[in-house]
Amino acid sequence: MLRKFLDQLLLRAWRAAWPRRAPWLPGTPRQAFDALLEADNFEGAQAIAAELAARAPDSYEARLLLGRAHQKLHDAERALEHFEAALRLRSDDAELYDFR
């Protein structure tokens with residue numbers, strides 16, 4: 001419960017700071033996502049990726065990050081959906097094949 005509250009707090013701070021950012025927040029959404037994954041905070045990483053996808057539904061990076069987050073959350077079906085969407089947007093990126 002506390003972790004979920006902290007996830008939401010971090011997401012609100014990140015939203016409020018975008019595009020200007022507070023000095024204690026990671027510099028880009030990708031850096032924030034990677035930092036949360038590294039901290040095993042998969043729900044927080046998924047929230048950032050979902051926010052990116054909401055802002056830019058046709059974003060390759062948003063779909064890739066959503067796929068990675070769902071993969072970490074052991075939601076293979078949704079991960080594959082997002083990886084396939086990323087593949088349709090940019091089939092030539094090697095990073096996509098690292099995670100599929």
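Colleague: Which residues have the most contacts inside the largest nonpolar core?

Modeller: Happy to start there; this is a predicted model, where local features need pLDDT of at least 70, side-chain atom pairs count only at pLDDT 80 or more, and totals for chains, interfaces and linings use all residues. A nonpolar core here is a set of buried Ala, Val, Leu, Ile, Met, Phe, Trp, Tyr and Cys residues joined through side-chain atoms within 4.5 Å, and buried means under 20% relative accessible area, with exposed over 50% and partly exposed in between (1.4 Å probe, protein chains only). The largest such core has 14 residues, and those with the most contacts (heavy atoms within 4.5 Å) inside it are F33, L37, A45, I48, A49 and L65.

Colleague: Which helix gives the most to this core?

Modeller: Helices are DSSP runs of H or I with at least four residues, numbered from the N terminus. At least two core residues come from each of helix 2 (29-38), helix 3 (42-55) and helix 4 (60-72). With six residues, the one giving the most is helix 3.

Colleague: And what does L65 touch, not counting residues up to four places away in sequence?

Modeller: Two conventions help here: residues are numbered from 1 along each chain as its sequence is written, and side-chain values use heavy atoms, with hydrogens and water left out. With residues up to four places away set aside, L65 touches R30, F33, A49 and L52.

Colleague: Which residues are among those of the other core?

Modeller: That core lies apart from the largest one. Its six residues include Y60, L64, A79 and A86.

Colleague: Do the buried residues of helix 5 line one face of the helix or opposite faces, and what is their arc?

Modeller: The buried residues of helix 5 are A79, H82, F83, A85 and A86. The arc is taken from the directions from the helix axis to the C-beta atoms. Seen down that axis, the buried residues of helix 5 line one face, because they fall within an arc of 155°.

Colleague: Which exposed residues does the face of helix 5 turned away from its buried side carry?

Modeller: Helix 5 covers residues 76-89. Its face turned away from the buried side carries the exposed residues A76, E77 and R88.

Colleague: Over which residues is the pLDDT below 50?

Modeller: pLDDT is the predictor's confidence in each residue, from 0 to 100. Its mean for the protein is 81, and 71% of the residues reach 70 or more. One stretch has nine contacts in the model beyond near neighbours in sequence, yet its pLDDT is below 50: residues 21-25.

Key. The expected span of a helix is 1.5 Å times one less than its number of residues.
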